[in-house]
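Reader: Please walk me through this structure, feature by feature. Give me the general idea each time, then the case at hand.

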Amino acid sequence: MTVAHLLKAVSRPLVLLGIATLLVIFLSYQIANSFQSNISGQEHYWIIVATVVGIIILLLLVVINFAVLFRQYRRGEIGSKLSLRLISVFLLLNLLPLFMVYFFAVQFLNKGIDSWFDVRVEQAIDDAVLLGETSLEAIKQDMIKEMSQHTDSISNVFSSAELARRLNEIAEKFDYSEITLLSNNGQILISSFNTDNSLLKNAPNFVALAQIRNGNTFAEIESVSEFSQQLKVITPVFSSNIGIPPRALQAVKPLPLRYAKLAQTVESAKKQYTQMQFAREPLRLSLILTLTLISLASLLLSNLASFYISRRIAKPLSVLASGTKEVAAGNLDTQLPVPSNDEIGILVSSFNDMTQQLSHARQLAHQSQSETEAQREYLETVLANLSSGVISINEELRLESCNPRASKILNIDLNNDIDSEIADLRYKYENLTPFFEAIYHAASKSMPNWQDERTVMGNKGKQFLIIQGTQLPHQQKSTVVVFDDVTNLIQAQKEAAWGEVARRLAHEIKNPLTPIQLSAERIKTKFFNQVDEKDQAILEKTTRTIVQQVEALKNMVSAFSDYAQAINVEQKPVNINLLLEDIAELHHGTLNNCQMTLDLDKKLPEIQSDADALRQVFNNLVLNAMQSMEDQKHSALTIISERHQEPSGDFITIKIIDLGPGIKPELRETLFDPYVSSKKKGSGLGLAIVKRITENLGGIVWAEENSPNGTQFIVRLPVEAS
Amino acid sequence: MRLTSENNISLKKKSFAKISLTILFVISLAFSITCSAKNPTRFSVINVTASASDKGIQTLSRFQLSLSTRAYDAIDHGVPVDIVLSYAEPKKRFWGTSYKTIDKKTFRLSRHVLSDNYQLHDSTAFQTHQFITIDEALKHISIFQIKNLDNISSTEIAVRVHLDTFNLPPQIRASAFFSGSWRHDSLWTVWNISS
């Protein structure tokens with residue numbers, strides 16, 4: 001294991017808490033033991049300092065943790081409420097027993113310390129001390145008496161040898177460990193000692209010397225060792241000889257061992273007792289302080305542990321909550337780390353499985369949605385480009401959807417009527433009533449498949465609609481209606497029928513006309529001279545009538561032939577304005593008092609078309625207009641050319657407007673059909689030919705009422721040939 | 001998507017901030033305690049005469065010693081107190097002056113119950129003196145303490161006298177450590193050595 005791994009392992013909260021706990025236990029043990037003398041003062045001091053510092057650190061950590069938790073709680077972070085609740089519970093659980101233990105420990109401590117001090121014990125010790133003091137005082141007084149005898153015996157002795165002899169005798173006789181004659185200033189003159197004693201050690205101090213100088217006796221009991229004491233007496237030695245300075249005699253006598261031991265015991269007991277008396281309050285305070293420190297350290301440590309435990313419990317839940325938020329926000333790929341193998345771990349694993357499955361389901365849904373979307377787009381494209389109109393009706397018989405073609409066929413914007421009831425549409429669009437009636441009728445009866453044909457009035461006349469309806473397979477009451485505008489088809493069929501009639505007429509009638517005409521002329525030639533004048537006149541009249549009628553029939557057949565004849569279109573650039581000017585010039589003055597006006601767009605482009613065919617179209621229309629105004633005193637003809645650029649294409653529109661009586665309502669639908677005419681003369685094929693040629697050139701023609709009176713025929717041609 | 005990495009970074013930052021704050025607080029606390037203990041209390045060094053001789057440096061010191069009421073009371077109750085004279089060689093460092101202790105002299109002052117005297121035991125000289133009063137014993141320490149010192153390379157000598165609370169009885173040690181009435185310290189005073 002590397003140092004980095006070791007540091008990482010040690011810096012984990014659990015390990016740190018463990019180390020801190022061990023330290024607190026160790027310090028508590030040491031601080032509790034520090035009242036015994038086997039721990040030095042220095043160690044004691046550093047144990048207290050370390051404990052206080054440790055408690056400060058723990059306190060700071062607790063405060064910081066509380067501050068962080070409080071901030072998280074105010075921010076409403078997930079898990080903070082749970083952490084706070086857990087910590088409060090832990091704190092309460094710790095605080096109550098700790099407080100009780102602390103309270104009773106303090107009580108016990110106080111009582112324990114107070115029980116050390118008993119009045120009887122104190123009195124006994126004091127009595128013992130007094131006894132000891134009295135006894136020692138008696139010994140001391142005895143020795144002082146002895147010393148006065150010794151001083152008398154040596155007061156007038158000045159010879160060193162004699163002094164030495166006497167002192168030796170005294171020492172030996174009275175069991176002195178030392179007897180010394182001192183000068184006035186404390187210098188040793190002669191000394192005699194029985195034990196291995198140091199002269200320096202027993203030298204009198206300045207207090208003793210001061211007393212001697214004052215002529216007093218100095219006596220004291222000294223401790224030599226733990227169980228040995230000695231009695232030291234110094235008395236002044238005055239000589240009867242005048243001029244001799246006083247000297248001092250010092251004697252040291254060890255106390256009997258039994259006395260010394262007893263004295264020492266009494267001394268020690270008294271010392272200990274007085275020390276304890278003095279130390280009573282400091283000791284009480286120290287013990288309470290120690291107890292408080294240990295309790296505080298335990299409380300703080302358990303509090304830190306509660307922080308750690310609550311975080312450990314709340315963290316997976318907060319991560320789980322964050323995960324659910326992510327999922328709620330749509331992030332189904334969220335995967336959470338599994339914190340442990342316990343129930344929370346199982347919960348997190350289940351969450352991960354759930355998000356995985358949700359993600360998979362969403363992918364499938366996306367895929368399915370994409371496919372549906374593609375199908376819908378495909379269907380919309382098909383419907384949009386379908387030549388048939390398609391509408392759908394829901395179970396409430398309301399319009400649900402429609403394709404663009406439906407609106408175009410019906411010349412209304414059906415999108416504005418989405419969700420409208422079909423029954424209402426019947427009355428909203430009166431011209432389309434048959435159409436909506438058919439749908440309503442079939443849909444209200446839930447007919448599975450039906451077909452109908454209806455004619456409605458469109459903007460350009462009658463429209464023939466073929467309608468088919470089908471109920472949707474999974475939505476029994478919803479119906480899809482498909483309808484087609486077959487007006488043009490019917491018209492084409494009609495025109496084809498008329499063409500066939502014309503062709504047959506031309507073929508069947510035209511052939512016998514020439515022999516009839518020739519035969520009539522031959523009859524006239526052969527029999528004219530053979531009959532009288534009266535019959536000649538009849539013959540002349542009848543043959544002329546036959547020839548004229550045959551000629552008329554020929555013209556009619558020719559017209560039919562023209563109508564039936566296939567038009568060969570030869571497309572070349574055609575200037576419409578020039579063509580219209582030619583037509584106007586051709587018919588100028590044909591009709592008296594007819595004012596002809598040309599309003600031509602000068603910027604009109606040339607178009608790819610057949611000039612001869614167009615000339616016939618415009619010629620027929622101008623002739624038609626003039627013929628409509630033949631009976632009028634004032635007539636006017638206006639020819640307009642315009643360009644129309646629309647999204648659907650670039651067109652040229654030519655309007656030929658007359659001020660005639662207008663189109664009769666009964667003819668409006670069949671105006672361009674063969675043999676439809678309001679005029680007395682004419683084949684009735686002019687407008688039919690106009691329509692046929694125009695449509696062959698890729699254009700359209702229609703008629704509108706002119707305001708205030710008259711009719712305008714409108715020809716619209718594409719600029720580019722189809 | 002993993003939610004752990006961002007949470008871990010945030011937690012590490014928070015832990016780092018916590019530890020930094022704690023260390024800062026403890027350092028500032030220690031600094032303030034150290035600064036507060038920098039004033040001499042009750043004991044002072046009045047004069048030190050240090051002179052070089054063949055046997056080394058001979059010092060003659062005089063002190064001003066006065067005990068607090070608490071200390072008087074303690075001695076009267078039989079608590080022995082140690083008064084320590086310390087001699088050191090001052091050395092200039094970049095943070096200030098360090099003192100390398102070269103010698104010590106300890107006096108233990110205690111009360112003798114049976115004789116009702118005060119004993120002053122000189123642990124260096126193995127001598128015990130008896131005094132009627134505590135002040136007499138203190139006077140004995142304060143006047144002309146002679147000390148011969150060897151192995152001094154510096155031209156200065158630092159002297160200090162203090163009451164050693166570490167050697168008080170365990171029962172009163174804890175309160176004495178942090179009580180001002182037990183603080184008796186002259187702190188180090190520096191004196192020149194005359195040749």
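Author: We take the chains, then their contact, then some side-chain pairs. Keep in mind that this is a predicted model.

Reader: Start with the overall make-up. How many helices and strands are there in chain A?

Author: Chain A has 18 helices and 17 strands. Its length is 722 residues, and 38% of them are buried. The accessible surface of chain A is about 41600 Å². Carbon and sulfur atoms hold 56% of that surface.

Reader: And which pattern does chain B follow along the sequence?

Author: Chain B holds four helices and nine strands. In sequence order they run α-β-β-α-β-β-β-β-α-β-β-α-β. Of the 195 residues in chain B, 43% are buried. The accessible surface of chain B comes to about 10300 Å², with 55% on carbon and sulfur atoms.

Reader: Next, sequence separation. What share of the contacts in chain A with a separation of 6 or more comes from residues 24 or more positions apart?

Author: Set a minimum separation, then ask how many contacts span a longer stretch. In chain A, 59% of the contacts with a separation of 6 or more are between residues 24 or more positions apart. For chain B, take the contacts between residues at least 6 apart; 63% of these join residues at least 24 apart.

Reader: Now the interface. How many residues does the contact take from each chain?

Author: Begin with the residue counts, then turn to area. Chain A gives 59 residues to the contact and chain B gives 44 residues. Between them the two chains bury about 4400 Å². Of that area, 67% lies on carbon and sulfur atoms. A:Glu267, A:Gln275 and A:Phe278 supply 15% of the area that chain A buries against chain B, more than any other three residues.

Reader: Which polar features cross the interface, and how many?

Author: Five residue pairs are in polar contact between chain A and chain B, both residues at pLDDT 80 or more. The count of salt bridges between chain A and chain B is zero.

Reader: Which elements of chain A each supply at least two residues to the side that touches chain B?

Author: They are helix H3 (41-75), helix H5 (119-154), helix H7 (206-213), strand S3 (218-225), helix H8 (257-278) and helix H9 (280-328). H3(A) provides the largest share, 16 residues. By residue type, the side of chain A that touches chain B divides into 27 nonpolar, 21 polar and eleven charged.

Reader: On to salt bridges. How many are found over all chains?

Author: Side chains of opposite charge can pair when their charged atoms come close. A search of the whole structure gives 22 salt bridges over all chains. One of them joins the side chains of A:Glu162 and A:Arg166, at 2.8 Å from N to O.

Reader: Why are A:Glu162 and A:Arg166 separated by about one helical turn?

Author: Because they are four residues apart in helix H6 (residues 160-174) of chain A. A:Glu162 is partly exposed, at 24% relative accessibility. A:Arg166 is also partly exposed, at 25%. A salt-bridge network links A:Glu162, A:Arg165, A:Arg166 and A:Glu169.

Reader: Which case links distant parts of chain A?

Author: Look at A:Arg398 and A:Glu421, whose side chains form a salt bridge of 3.2 Å, N to O. The two residues are 23 residues apart. A:Arg398 sits in the loop between strand S6 (389-393) and strand S7 (399-402). A:Glu421 sits in the loop between helix H11 (404-410) and helix H12 (422-428). A:Arg398 has 23% relative accessibility, so it counts as partly exposed. A:Glu421 is partly exposed too, at 30%.

Reader: What does B:Asp185 form with B:Arg160 in chain B?

Author: A salt bridge, with the closest N and O atoms 2.6 Å apart. This pair also links distant parts of its chain, 25 residues apart. B:Asp185 is in the loop between helix H4 (170-177) and strand S9 (189-194), and B:Arg160 is in strand S8 (residues 156-164).

Reader: Is B:Asp185 buried or exposed?

Author: Buried means under 20% relative accessible area. B:Asp185 has 12% relative accessibility, so it counts as buried.

Reader: One last residue. Where is A:Gln517 found, and what does A:Gln517 touch?

Author: A:Gln517 is in helix H14 (residues 487-528) of chain A. Its relative accessibility is 12%, so A:Gln517 counts as buried. Leaving out residues up to four places away in sequence, A:Gln517 touches A:Val547, A:Val550, A:Glu551 and A:Lys554. With A:Lys554 there is a side-chain polar contact of 2.9 Å.

Note on methods: Residues are numbered from 1 along each chain as its sequence is written. Chains are lettered from A and ligands numbered from 1 in the order in which they are written. This is a predicted model: local features need pLDDT of at least 70, side-chain atom pairs count only at pLDDT 80 or more; totals for chains, interfaces and linings use all residues. Side-chain values use heavy atoms; hydrogens and water are left out. Contact means heavy atoms within 4.5 Å. Buried area is the accessible area (1.4 Å probe) that two parts lose on being put together, summed over both. A salt bridge is a side-chain nitrogen of Lys or Arg within 4 Å of a carboxyl oxygen of Asp or Glu. A polar contact is a pair of N or O atoms within 3.5 Å; within protein, one must be able to donate a hydrogen and the other to accept it, and residues adjacent in sequence count only if both atoms are side-chain atoms. Ala, Val, Leu, Ile, Met, Phe, Trp, Tyr, Cys and Pro count as nonpolar, Asp, Glu, Lys and Arg as charged, and the others, Gly among them, as polar. Buried means under 20% relative accessible area, exposed over 50%, partly exposed in between (1.4 Å probe, protein chains only). Accessible areas come from the Shrake-Rupley method with a 1.4 Å probe; for residues, only the protein chains shown count as cover.
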